[in-house]
Amino acid sequence: MLFVILAPLVLAPAALAVPSNRRRPLVLLAGALLHAAGVAALFASPPPPRAGAWLAFDPMAKVTLLTTTVLFLAAAIYAQGYLARRKDRDNRVFVGGLLLLLAAMTTVALSQHLGLSWVAIEATTLASAPLIYFNHNARSLEATWKYLLICSLGIALALLGTFFLALSGAAPGGPRSLLLDDLIAAGPALSRPWVRAAFVLLLVGYGTKMGLAPLHSWKPDAYGEAPGLLGALLAGGLTNFAFLSIARVFQVTRAAGDEAFARDALVGLGLLSIALAAVFVVGQRDFKRMLAYSSVEHMGILALGIGLGGGAAGGAFFHSMNNGLTKGVLFLSAGNIHRAFGAKTTDEVRGAARRLPVSGPLFLAGFLAITGSPPFSPFFSEFAILNGAFGAGRFLVGGLFLALLAVIFVGMATTVLAVVQGDPGDAPRVPDTGDSWLTAAPPLALMVLVLLLGLFLPQGLRDLFGAAAQLVGGRWD
Amino acid sequence: MLFLRTVLHLAALLALPPLLLGVVNRTKSIFAGRVGPPLLQPYFDLAKLLRKGAVYSRTTTWVFRAGPVVGLAAVASAGLLLSMGGAPAALSFAGDFVLFAYLLGLARFATALAALDTGSAFEGMGAAREVTFASLAEPALFLCLLVLARATGTLSLSGMLGPALPGAWGSAGPALLLAAMALFVIALAENSRIPVDDPNTHLELTMIHEVMVLDHGGPDLAFILYGASLKLFLFGAILSRLVFGRGDGALASEALFFLGVLVFAVGVGVVESVMARLRIVRVPQLLVGASVLSVFALVLLLR
Amino acid sequence: MASFVDLVFVLVVVIDLFLLASSRLGAAIRTVAIQGALLAALPLLLLRETHHLGHAILLAGGALAIKGLFIPWLMFRAIREASIRREMEPIVGFVPSMVLGAVGVALAFAFSSRLPLPDAGAHAFLVPTALSTVWAGLLLVVTRKKAVSQVLGFLVLENGVYVFGLLLSDVMPVMVEAGVLLDLFAAVFVMGIVMFHINREFSSLDTEKLSALKD
């Protein structure tokens, strides 16, 4: 199990040591392949759970790690093409940082100790901040500053929340531990007010990292200014781990008997995020910022799914995978469009489908998938969540959710269609930026995966989502 | 014995205040590297002013003449309520701290009214500033006195500053320390000292207190000067008892008390030497800060 | 002794209030350094038989080195390189923010005794001090405009978390050390300012100018 953490961790300094700007991206590919192999080995022979272990391969970890390793592999292949085109920038920090990010994310997934989770999440912030500054201009500096400031505030609050949680079990006879199993076993013995306060602080803290409204304000800036490759990994990868941490804290809160409160908080924040995303997506001219708001929306959907529970929880875990993969498609193809036009607003970009025969249509297909059009997989996961809402008799929540999804579909469609359709004509052009195998194949592969998951969901995955949902009191219908 | 101490205190109340001004000025001159005026200079000034006649503008009324007299009388009466060196004051009853604060308020009211009576826009500006800042300093003073009342469990100044005070340091030390800090800030503000106001300034636009008394001369000015030094002495006395309120036996506590007042004067001199005046817009911030400190002290006591 | 510990806690809170009112960055940095040094003394002052002496010394030394010396030094370097000395009028003025801070302090001190503490022997001022410091830090980060002030606010916030962590020092010492790790995070954060040279790009450390990105 340690291998999947250590492999990228060891390769990161190796990447820093490689002198050649041209060969360094190969280290990234090696890290991605090793990580994928490690995850595959874990699936082939899952390590038996040990009591008191700080790392475990539980169903939640399986879902997020599977998504991330696929996404990271696609991103690493894409990086070969992308970084070869970005000879103007030293990629030493970028490659090293990506590998560190992968190691930290993997730690979050496997960690059963809430303190360790906190440290690992802190490490993801540290590893990703310099990456946002990759372009070294005023705008990316601004984005980096906001990302650092807002996320570090969230992290500090999350630490306070972790302390509260530790305190809730610190009474003599309490678990006196931050291991998930111990806390859940102690359950009602935990001090209720502290658990509730801890849940609020951790929801706010990790919610900041996840990008739930109203703590999302760093997201459009960071995603808008970061390279598309990083956007894919942040929106499709990192946010899932923050979601995972919140789900773990929810497990404890539920065991302590404060389930109703926590569910209400999650549903409330979830709907707020979706509504806020709807407001900002409409009329958004910058297509990368539009994707960021779409990410806020989908984080809201995840929170909503967990908050509703029942079948919606299973849908939420399915959706975390779908959102991760589809965000990969969208950010990678958006990155290609951004490079080809040297611009990222609908004022200047049009006719992407003609200039980029693969990335342009992929961007359109990704948009259709992310907004929940059949037969792509997000349709099924969003449907499961909606079904959960109506099944539980929460008609208002379900109706609101549906209406907001429609608004977002229309809002995103205006921007995406403006980008993809039309005649590029005199739109700005950057030489040598057309679709190449290395930059077009990874998003295409992810898109095919999203389509396949929609058409046929293997029984193994169904069981996995069911098992993950069971941890938070849900099921897979 | 108690009678003797009361007589001593009343004598000190009447005789010592100008000396405090002398000590403040001497401290400042030492910091500035000057020889400075003699310690007794304020007495000479007062004597000189008292021998002069007064000139009154034709636009002024009796209000202008009453200002200095009422001001001095009010501050002196406030002095009667103040316990010094742990002995009860000449006059004391439950709740007398309210009267104490309002006698100081009355003195300020009389001075401000006299300033307005001159009809000069300039003095009116000074009066406006003085009253604005006083309205912020007064709540802070009350809060400090409340802290003392709560810590000692009495409602008269003689009790608050009496024998119970040293004992209260054991149980409510942090709160009393905060109150002392706030009280020092209030003392600086109430007595028009740097960093709130500069008693020596003649830069018209920055003056607060001094600008109000520009039209007074002769005995009137003497009353005002003497009243100001008396007020400084009152705050010095409270702070001295609060901070140096130790010592068993009458003699030791008396000695400590007068030493404390002296230290207070030196402290004011040091602050005046090392600090610059605050911009006028920042003064409310300082005074609100003093209130905040005393609120915090009160919360510590009430919890 | 108890009264002395009281005093340290009270001073920590007074420093919070002072910071909310302070506009001079140099003075503010020095004050945060003093707060850090006071906090570093706490593990030793609160030492009880159940605690490990070695652990407390480690914590105190680490906190003093990072909070009291290293970070203030970095901050001074940052303001020297950017040659800024004052905070401008913040989004919420100095007086209102001080009053807001005081309200938070009053609430924290008035109500913290109602919180159920598992450890009855814990110092009565510990939780309210921690909560008021967190509150003051949040106010600072949210209302100030200069990057340096925002980092100072973050440091104060994190000082509050650290104080709270002391409550857990005998239950799970490792977590408390994680709190000090948060300082390392802050240190990187601060170096970020120097490294990223906001002043080079924008000719000041004023985050108001970081406003190209918005909707």
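The exercises below, each with a worked solution, concern a predicted model.

Residues are numbered from 1 along each chain as its sequence is written, and chains are lettered from A in the order in which they are written. In this predicted model, local features need pLDDT of at least 70, side-chain atom pairs count only at pLDDT 80 or more, and totals for chains, interfaces and linings use all residues.

**Exercise 1. Chain B as a whole**

Task: State what secondary structure chain B has, and why its radius of gyration agrees with that of a compact globule.

Solution:
- Step 1. Chain B holds eleven helices and zero strands. Helices (H or I, at least four residues) and strands (E, at least two) are DSSP runs, numbered from the N terminus.
- Step 2. A compact globule of 303 residues would have a radius of gyration near 19 Å, and chain B has 19 Å, so the two agree. The radius is taken over C-alpha atoms, and the globule rule is 2.2 Å times the number of residues to the power 0.38.
- Step 3. Along the principal axes, the C-alpha atoms of chain B fill a box of roughly 55 × 40 × 40 Å.
- Step 4. In chain B, 51% of the 303 residues count as buried. A residue is buried if 20 or more other C-beta atoms lie within 10 Å of its own, exposed if 12 or fewer, and partly exposed in between, with C-beta atoms placed from the backbone.
- Step 5. Of the contacts in chain B with a separation of 6 or more, 78% are between residues 24 or more positions apart. Two residues are in contact if their C-beta atoms, placed from the backbone, lie within 7 Å.

**Exercise 2. Two residues of chain B**

Task: Decide whether B:L259 is buried, partly exposed or exposed, and do likewise for B:S192.

Solution:
- Step 1. B:L259 sits in helix α10 (residues 250-274) of chain B.
- Step 2. B:L259 has 13 C-beta neighbours inside 10 Å, so B:L259 counts as partly exposed.
- Step 3. From B:L259 to B:S240 the C-alpha distance is 8.0 Å, although 19 residues separate them in sequence.
- Step 4. B:S192 belongs to the loop between α8 (164-190) and α9 (218-244) of chain B.
- Step 5. B:S192 is buried because 21 other C-beta atoms lie within 10 Å.
- Step 6. The phi of B:S192 is positive, about 55 degrees, although B:S192 is not a glycine. Most residues other than glycine have a negative phi, and most peptide bonds are trans.

**Exercise 3. Two peptide bonds in chain A**

Task: Find where A:P214 and A:P375 lie, and give the omega of the peptide bond that leads to A:P214 and to A:P375.

Solution:
- Step 1. A:P214 is in the loop between α8 (192-210) and α9 (218-225) of chain A. The bond from A:A213 to A:P214 is cis, with omega near 0 degrees.
- Step 2. A:P375 is in the loop between α15 (359-370) and α16 of chain A. The bond from A:P374 to A:P375 is cis, with omega near 10 degrees.

**Exercise 4. Packed helices in chain A**

Task: Describe how α16 packs with α17 in chain A, and how α4 crosses α10.

Solution:
- Step 1. α16 (residues 377-391) and α17 (residues 395-420) of chain A pack at about 150 degrees, with axes 7 Å apart. Axes are lines fitted to C-alpha atoms, for helices over the stretch in contact, and angles run from 0 to 180 degrees between N-to-C directions.
- Step 2. α16(A) is therefore roughly antiparallel to α17(A). Angles under 35 degrees count as roughly parallel, over 145 as roughly antiparallel, 65 to 115 as roughly perpendicular and the rest as oblique.
- Step 3. The contact of α16(A) with α17(A) has seven nonpolar, one polar and no charged residues. Ala, Val, Leu, Ile, Met, Phe, Trp, Tyr, Cys and Pro count as nonpolar, Asp, Glu, Lys and Arg as charged, and the others, Gly among them, as polar.
- Step 4. The axes of α4 (residues 92-110) and α10 (residues 228-255) of chain A come within 9 Å and cross at roughly 30 degrees. α4(A) is therefore roughly parallel to α10(A).

**Exercise 5. Between the chains**

Task: State which chains share the most contacts, and which helix of chain C gives the most to the side that touches chain B.

Solution:
- Step 1. Two pairs of chains touch, and the pair with the most contacts is chains A and C. Chains A and B have no contact, and their closest C-alpha atoms lie 21 Å apart.
- Step 2. Between chains C and B, 18 residues of chain C are in contact with 15 residues of chain B.
- Step 3. On the side of chain C that touches chain B, α4(C) gives the most, with nine residues.
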